[in-house]
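Work through the exercises below with the sequence and the model at hand. Each task is followed by a solution in steps.

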Amino acid sequence: MGTVLSRAFTARRAPATGGRLVTPALLFPGLVALLGLAILLNLGLGAMEIRPAQAIAIIADRLGIPLSTDFTPQQASVLWAIRLPRVALAALVGAALALSGATLQGVFRNPLADPGLIGVSSGAALGAVATILVGLAPFGLATLPIAAFLGGLLATLAVYGLARQDGRTDVVTLILTGIACNAVLGAATGYLTFLATDAQLRAIVFWSLGSIGGATWDTTLRALPLIAVGLLAAPRWSAALNLLVLGEEEATSLGVPTERVRLSLIALAALMTGAAVAVAGIIGFVGLVVPHIVRLVSGPDHRRLLPASALAGASLLLMADLAARTLAAPAELPIGVVTAFAGGPFFLWLLRRARQERAIPG
Amino acid sequence: MTEPPSPRAILEAQAVSYETGSQRLLSDVSLELLPGEVLAIVGPNGAGKTTLLRLLAGILRPTCGAVVLDGRPLGAYRPEELALRRAVMPQQSLLRFGFTAREVVAMGRYPHQRARQSDRLTDERVIARAMAETETHELADRLFPTLSGGEQGRVTLARVLAQDTPVLLLDEPTASLDIRHQHGMLALAQKLARRGAAIAVILHDLNLAAAYADRIALLCAGQLADLGPPRAVLRESLLTEVFRCPIAVRCHPLSDCPLILPIAERAAAPDSASPG
C-alpha cells in the first residue's frame with residue numbers, strides 16, 4: 001500500500017499536479033462505479049426509455065422480489081430480451097479483449113502486442129469469411145461463430161507451433177511468426193472476399209467491423225464459459241507475469257516455469273479472443289489500448305493490471321456500444337468503427353500527456 | 001582471506017563443456033564453489049566467463065560434464081527449487097515496464113512466496129535489509145527504467161539479495177558503478193560470504209578481484225588457465241600471456257594485496273608529457 005500511495009504522490013520528473021487521472025487507491029472502486037454506470041446507461045437508453053430504478057425493479061421482479069417502482073410489460077420484455085443480453089455480451093467481449101491484450105503485452109514484453117498478434121483475429125476472420133462464402137450452415141446460426149472460433153484457435157496453434165524450436169519459443173521469433181501467419185491468413189481472406197458476391201460482401205464487411213447487435217441470451221451464454229475460463233484463470237499467473245517482463249533468463253532463475261506460463265497464457269488469450277471475435281466480429285483497439293490506459297493509473301503490476309483491464313474493457317465496450325446504437329438511431333454503427341474513432345484520438349492525447357510526464361510510456 | 005573456507009563444495013562444475021553449433025565456448029572446466037568464499041571469475045573478453053556462470057546457474061545445460069548443487073545435478077531440480085538455492089544477477093536488466101525500484105526488489109521474494117515459505121513480515125524485513133545493504137532505499141519509489149545504469153545495477157543486486165539464497169552468481173555487478181559503489185558492492189559480497197554464502201562473481205577489474213576474492217578462476221579461450229588464491233593466480237607472466245598485454249604485478253603499498261599494473265605501450269612520444 002505504501003508504494004501504491006507514494007506512487008501517486010511522489011513527484012518524479014514531472015510537476016506533482018501532472019498526469020494521473022485518478023489516484024491508484026481509487027482504481028478499483030472507480031472502475032466498478034464506471035462499469036455500473038455504463039450498465040445502467042445501456043439498460044436505460046434507446047428507442048424505449050427505462051429509468052435506472054425501473055431497470056432494477058424489472059430485474060428484481062424476475063427474481064421474485066417485488067419493488068414499488070412501476071414499469072410496463074413492454075419495458076420488461078425489451079429489457080429482458082434485448083438490452084440485458086446485449087449488455088452482458090458487450091461486457092464479456094470488452095473484458096475478454098482487454099484482458100487478452102494486457103496478458104499478451106506481458107508475455108511478449110512488448111507494449112505493442114495485441115490479441116491479433118498471435119493470429120487469432122485473422123484466423124477467425126478466415127473462418128468467418130469462408131463460412132459466409134460456402135453458405136453451408138450445419139449448426140444453423142451458430143455456424144459462423146463456431147467456424148470463426150475454430151479458425152482463431154487453429155491459427156494460434158499454427159503460430160505457436162511454427163515458432164517453437166527445441167521445446168522453447170523465442171519471443172521475437174514468435175512475434176515475427178505471427179506477422180507472417182497474419183499476412184498469409186489475410187491474403188486468403190482477401191482472395192475469398194474477392195470471390196464474394198455483393199450480398200456476401202456486405203455480410204463480410206458487417207462482420208469484420210464488429211457488432212454486438214446480434215446479441216441474444218443464446219450467443220451470450222455460448223461465449224460465457226469460454227471467456228469466464230480466461231477471466232478466472234489468467235490473473236492467477238500475474239505474479240509470474242511480473243517476473244517474465246524482467247526477461248526470460250531472469251524469470252527462469254527466479255523459479256518461473258517460463259515456457260509453461262507462456263503457453264498457458266497464450267492459450268487463454270486465444271480462447272477469450274476467439275470467443276469474443278466469434279460472437280462480435282473484429283473489434284480493434286480495445287485489446288491494444290485499454291491496458292495502456294489502465295497502466296497509467298495502476299502501474300505495471302499485473303496483479304492490479306489484469307483485473308483492472310478486464311473491468312475497464314467491459315466499461316469501454318459498453319459505452320462504445322451505447323454510442324453505436326444511439327448516435328445514428330435508428331441505424332446502428334459498427335462498434336469497431338466507434339472504438340477506433342473515439343479511442344484513437346484519446347489514446348494519442350494520452351500518449352503525449354504521458355510522455356511529457358515521465359520518460360517511459362506505459 | 002584470513003579464514004580458510006569450509007571444505008565442502010556447495011556448487012561444483014565437473015568437467016563441463018559447452019558448444020553451440022560448431023563453436024566450443026567452454027571446454028572441460030572443473031571447479032568448486034565453497035560456502036563462505038568469494039570466487040572471482042576473470043579473463044579476457046570472450047574467454048567464456050558468462051557461459052560458465054550461466055552453466056553454474058542452470059540457465060544453460062552443459063554439452064558434456066555436469067554441474068552439481070548440494071549433491072544433486074542441476075538438471076534434477078525444478079526451476080522453483082533452484083530459485084530457493086541460487087540467485088543470479090544478470091549483466092544488465094531488460095526491464096522496460098515502469099515498475100518502481102522497490103517493486104523490482106520485491107520480485108526476489110517470488111520463489112519464497114510460491115513455495116509458501118515466507119510471510120508478509122519476513123518479506124518486508126528481507127526487502128528492507130536488501131535495500132539498506134545496497135543503499136537503494138532512497139530509490140525505492142523511482143521507476144526502474146528511469147534509473148541510471150549503476151542505480152539499476154544496485155537495485156538488481158538488492159533483488160538478488162532479497163531472494164535470500166545460499167549461492168549467489170553475479171555477472172559483472174560492478175560494470176557501471178562508480179568507484180565507491182564498486183568497492184561497496186564487493187565489500188558487501190565479502191560480508192555475505194563471511195555469513196556463509198557462496199559467491200561467484202565475474203569481474204573485469206583485476207585489482208578488485210585481488211582485493212576481495214578468496215580465490216580466482218582465470219579463464220582463457222574457454223579453458224581454466226588457473227584457479228587459486230589471488231597471490232597464486234595473479235602472476236605477471238601468466239596475466240601477460242592470457243590477456244596478451246604487458247602487465248606488472250606489485251605489492252599494494254597500503255593493503256599488502258597484489259596490485260596489477262598494465263604497462264602502457266606508448267606510441268613514439270610527443271614532446272610534452274601528457275598529464276595524468
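**Exercise 1. A helix and its buried side**

Which residues of α2(A) are buried? Then describe the span of the helix and what its buried residues pack against.

Solution. The model is a predicted one.

Step 1. Locate the helix: α2 of chain A covers residues 27-44, 18 residues in total. From its first C-alpha to its last it reaches 26 Å, close to the 26 Å expected at 1.5 Å a residue.

Step 2. Apply the cut-off for burial, which is under 20% relative accessible area. The residues of α2(A) that count as buried are A:Leu27, A:Leu31, A:Leu35, A:Ala38, A:Asn42, A:Leu43 and A:Gly44.

Step 3. Consider the spacing. An α-helix has 3.6 residues a turn, so residues three or four places apart point the same way. The buried set includes A:Leu27, A:Leu31, A:Leu35 and A:Ala38.

Step 4. Find the partners. The buried residues of α2(A) pack against four helices of chain A: α3 (52-62), α4 (73-107), α13 (286-298) and α14 (302-326).

Step 5. Look just past the end of the helix. There A:Gly46 has a positive phi of about 145°.

**Exercise 2. The interface of chains A and B**

Describe the contact between chain A and chain B: how many residues take part, and how much area is buried?

Solution.

Step 1. Count residues in contact: 34 from chain A and 30 from chain B.

Step 2. Turn to area. The size of an interface is often given as the accessible area lost when the parts come together. For chains A and B this is about 2,800 Å², with 60% of it on carbon and sulfur atoms. On the chain A side, A:Leu246, A:Ser253 and A:Leu254 lose the most area to chain B, together 20% of what that side buries.

Step 3. Count the polar links. Three salt bridges cross the interface, and four residue pairs of chains A and B are in polar contact.

Step 4. Assign the chain A side to elements. Those that give two or more residues to it are α1 (2-9), α10 (238-244) and α11 (248-253) of chain A. By class, this side has twelve nonpolar, eleven polar and eleven charged residues.

**Exercise 3. Salt bridges between and within chains**

Which residue of chain A forms a salt bridge with B:Arg159, and are the two partners buried or exposed?

Solution.

Step 1. Identify the pair. The partner of B:Arg159 is A:Glu250, with the closest N and O atoms 2.6 Å apart.

Step 2. Place both residues. B:Arg159 lies in helix α6 (residues 149-162) of chain B and A:Glu250 in helix α11 of chain A, so this salt bridge joins two chains.

Step 3. Check accessibility. B:Arg159 is buried at a relative accessible area of 1%, and A:Glu250 is buried at 5%.

Step 4. Add another pair between the chains: A:Arg304 and B:Glu103 form a salt bridge with an N to O distance of 3.6 Å.

Step 5. Compare with a pair inside chain B. B:Glu133 and B:Lys191 meet in a salt bridge at 3.8 Å, N to O. B:Glu133 is in helix α5 (residues 120-133) and B:Lys191 in helix α7 (residues 179-194), 58 residues apart, and the pair links distant parts of the chain. B:Glu133 is partly exposed at 21% relative accessible area, and B:Lys191 is partly exposed at 42%.

Step 6. Take one further pair: B:Asp226 and B:Arg235 have their closest N and O atoms 2.9 Å apart in a salt bridge. B:Arg235 is partly exposed, at 37% relative accessible area. Elsewhere, B:Arg72, B:Arg78, B:Glu80, B:Glu81 and B:Arg114 are joined into one network by salt bridges that share partners.

Step 7. Give the total: 22 salt bridges over all chains.

**Exercise 4. Positive phi outside glycine**

Where in chain B is B:Asp70 found, and what is its phi? Do the same for B:Ala15.

Solution.

Step 1. B:Asp70 is in the loop between β4 (64-69) and β5 (72-73) of chain B. Its phi is near 50°, a positive value in a residue other than glycine. B:Asp70 is partly exposed at 38% relative accessibility.

Step 2. B:Ala15 lies in strand β1 (residues 11-20) of chain B. B:Ala15 is not a glycine either, and has a positive phi of about 50°. Its relative accessible area is 31%, which counts as partly exposed.

Methods: Residues are numbered from 1 along each chain as its sequence is written. Chains are lettered from A and ligands numbered from 1 in the order in which they are written. This is a predicted model: local features need pLDDT of at least 70, side-chain atom pairs count only at pLDDT 80 or more; totals for chains, interfaces and linings use all residues. Side-chain values use heavy atoms; hydrogens and water are left out. The expected span of a helix is 1.5 Å times one less than its number of residues. Buried means under 20% relative accessible area, exposed over 50%, partly exposed in between (1.4 Å probe, protein chains only). Contact means heavy atoms within 4.5 Å. Buried area is the accessible area (1.4 Å probe) that two parts lose on being put together, summed over both. A salt bridge is a side-chain nitrogen of Lys or Arg within 4 Å of a carboxyl oxygen of Asp or Glu. A polar contact is a pair of N or O atoms within 3.5 Å; within protein, one must be able to donate a hydrogen and the other to accept it, and residues adjacent in sequence count only if both atoms are side-chain atoms. Ala, Val, Leu, Ile, Met, Phe, Trp, Tyr, Cys and Pro count as nonpolar, Asp, Glu, Lys and Arg as charged, and the others, Gly among them, as polar.
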